Every structure is written in C-alpha cells, then in structure tokens.
Amino acid sequence: MDEVFKALADPSRRRLLDSLNERNGQTLTELCADLDMSRQAVSKHLAVLEAANLVTTLRRGREKLHFLNAEPVNAIADRWINRYDRARVHALADLKSALESPTMSDEFVYTTYIKTTPEQLWQALTEPAFTKRYWGATFDTDWRKGSRMVWHQGDWSSDDGSQIIESDPYTRLSYTWHTFDPSFGEKMGMPAEKVAEWAAEPRSKVTFELLDLGEIVKLTVVHDGFGPDSGVLPVITDGWSAILSNLKSLLETGETLPDPNFTAES
C-alpha cells in the first residue's frame, strides 16, 4: 500500500493515470504523444505504476498495451472506507470510480496478487464449493476446451451455448459469457427493456491468466468482446471488481468480505 501512495504522489504519474482513464489500453508511443515527457521518463513512471499495481499490461501481437488497474484502490477502500463515514472519504470513492471507469475502452482488465498457489486458485475458479461462496454462481462443465457450460446463479440457470474456449490448468482459462434472456431479467428483477438491450449485444468472453510467483499468484482477468457503447460493460466492471476482491479475501483469510452482494451483473 505504501507503493500505491508513493506512486500517486507524483503529478506526472497522476497525469499518466488520467490519460489512461480517458483512453484505456494505450501503447507507450500513444502515452508519450499526449504528455510533455521523454519516452524514457514515461517508461520510468510506468514502471513505478506497474510496481504499485496501478497499471497492468497485456501483449497484443507486437504491441504492449497499458491499462488502469482498480485492485489497489479497492484494497484502500476495504481497509478504511467501512471504518469511517463515507462522506469523509468522498474523494477516495471518486478516485475508485475513476480508476474503474471503462471510458473509451471495450474491455475490462484487472490484475491482483493473491497469496495462494496456482492449484488452489484454479480450484477457486472452477469448483462450485468455491465459486458459490465468493460469486454466488456455479457452473456445470468438465472445464475442457470446447465443452459446454451451464450457469446457475440464485434461482436462475442458463444452458445457452456458453463454452470453454481455453483450458490450461493452473495457467489459463477462458470461456464465453452467458447471454441475457427474459428469465434472467425476471430472476434478477431487471426491466424487460434493459434485458432486451443487453440481449442485442454480442456475446463476450472472460479470460483468467495465472502466473506463479512463488508465495503468490498474479491473476489477470480480461473480459472483452463487447460492442461499441456497451451497456453491459460498465455493470460487468463493477461486478468483477467486487467478485475478485471477494475471491482474494476467501483464499487469503478463509472468509469472504462482509455483507457481499457479488454478482457480475449487479
């Protein structure tokens, strides 16, 4: 947490975060074009932000893209926001919202570090006994590439053709997201018009990348495949931030966070 505050203390690094907040997923060249800094200076500032986990990167072919990462701000909120009146930490809440905003981006990217093993994390991502505790959802599938998966969440179930895209145990898992139908809206208490809007959007997918770092595992979650001006993406963003914070707490403490209401659509 000290690294987070030190990283945010520098105005140049805050400008980099502002630039990514305006347009997430930029290359180093793109970031340099918008800032009055040398390429070397921008690289050094990005290294500090990456070390603080405020920025995460993904390789897309030969390009290295930079994304805001909300996890450290979530950790700050978990530590203090429940201990004091929210009005007194309004600025902190605003910062959290800004960092989680999907402005001008068509994907959600989130990186967190969990004190666990790849095997335990894989279990938590796939076994109903775990997913039900931190997510409230379970899946019927054998977790093999190409296999069908059936979603269960509360009183709602969906066998809509969702399938496993990639499955490399302890390293990488990817699957298509469920679609939205009238039964989903009815069970989740959503207006029919909103469900129809979401149903018209392309089917998205989520990918989990696990990197063993010894005593901890780096988990990067990428949820993409959204169309322009997606109405689902902002809701997914809020949901994933909560789900992944709850997952981290469960694996590190054995307990989920207090009073969770964690679903990827709420």
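Arg60 is found in strand 1. The model described here is predicted. Arg60 is partly exposed, with a relative accessible area of 34%. Beyond its neighbours within four places in sequence, Arg60 is in contact with Leu65, Glu107, Val222 and Asp224. With Glu107 there is a polar contact between the two side chains, at 2.8 Å.

**Aromatic pairs**

How many aromatic pairs does a search of the whole structure find? The search gives 18. One of them joins Trp143 and Tyr175, whose ring centres are 5.9 Å apart. The planes of Trp143 and Tyr175 stand at 55 degrees; stacked pairs need an angle under 30 degrees and edge-to-face pairs one over 60, so this pair is tilted. The pair links distant parts of the chain, 32 residues apart: Trp143 sits in the loop between strand 4 (137-140) and strand 5 (150-153), and Tyr175 belongs to strand 8 (residues 172-176). Both Trp143 and Tyr175 are buried.

Phe208 and Trp240 form another pair, with ring centres 5.8 Å apart. Their planes are at 80 degrees, so the pair is edge-to-face. This pair too links distant parts of the chain, with Phe208 in strand 9 (residues 205-212) and Trp240 in helix 11 (residues 232-253), 32 residues apart. Phe208 is buried at a relative accessible area of 2%, and Trp240 is buried at 0%.

Ring pairs also join residues into a cluster made up of Trp135, Phe139, Trp143, Trp151, Tyr175, Trp177, Phe208 and Trp240. The two pairs described above thus have their residues in this cluster.

**Packing of helix 2 and helix 4**

Two packed helices are described by the angle between their axes and the distance between the axes. Helix 2 (residues 11-22) and helix 4 (residues 39-51) pack at about 80 degrees, and their axes are 10 Å apart. Angles of 65 to 115 degrees count as roughly perpendicular, and helix 2 and helix 4 are therefore roughly perpendicular to each other. On the side of helix 2, the contact is made by Ser12, Arg13, Leu16 and Leu17. Helix 4 contributes Val42, His45, Leu46, Val48 and Leu49. By class, the contact has six nonpolar, two polar and one charged residues.

**Asp142 and its loop**

Asp142 lies in the loop between strand 4 and strand 5, the loop that also holds Trp143. Is Asp142 buried, partly exposed or exposed? At 44% relative accessibility, Asp142 counts as partly exposed. The side chain of Asp142 reaches the backbone nitrogen of Arg144 at 3.0 Å. The same side chain makes a polar contact with the side chain of Ser147, at 2.6 Å. Asp142 and Ile164 are 22 residues apart in sequence, and their C-alpha atoms are 9.2 Å apart in space.

**Thr131 and Ser249**

Thr131 has its place in helix 8 (residues 128-134). At 0% relative accessibility, Thr131 counts as buried. A polar atom of the Thr131 side chain lies 2.7 Å from the backbone oxygen of Ala137. Not counting residues up to four places away in sequence, Thr131 touches Ala124, Leu125, Thr126, Gly136, Ala137, Thr138 and Phe139. Among these, Phe139 is also part of the aromatic cluster.

Ser249 is found in helix 11, the helix of Trp240. Ser249 counts as buried at 12% relative accessibility. Leaving aside neighbours within four places in sequence, Ser249 is in contact with Gly254, Glu255, Thr256 and Leu257.

**Positive phi angles**

Asn53 has a positive phi although it is not a glycine, and the description also fits Tyr170. The table lists their values.

| Residue | Phi | Location | Relative accessible area |
|---|---|---|---|
| Asn53 | about 65 degrees | loop between helix 4 and strand 1 (55-60) | 6% |
| Tyr170 | about 75 degrees | loop between strand 7 (164-168) and strand 8 | 40% |

Buried means under 20% relative accessible area, so Asn53, at 6%, is buried. Tyr170, at 40%, is partly exposed.

Note on methods: Residues numbered from 1 in each chain as written. Predicted model: local features only at pLDDT ≥ 70, side-chain atom pairs only at ≥ 80, totals over all residues. Heavy atoms only, no water. Phe/Tyr/Trp six-rings, centres within 6.5 Å; stacked < 30°, edge-to-face > 60°. Helix = DSSP H or I, 4+ residues; strand = E, 2+ residues; numbered from the N terminus. Buried < 20%, exposed > 50% of the residue type's maximum accessible area, 1.4 Å probe, protein only. Axes fitted to C-alpha atoms, helices over the stretch in contact; angles between N-to-C directions. Parallel < 35°, antiparallel > 145°, perpendicular 65-115°, else oblique. Contact = heavy atoms within 4.5 Å. Nonpolar A, V, L, I, M, F, W, Y, C, P; charged D, E, K, R; others polar. Polar contact = N/O pair within 3.5 Å; in protein donor to acceptor, adjacent residues only side chain to side chain.
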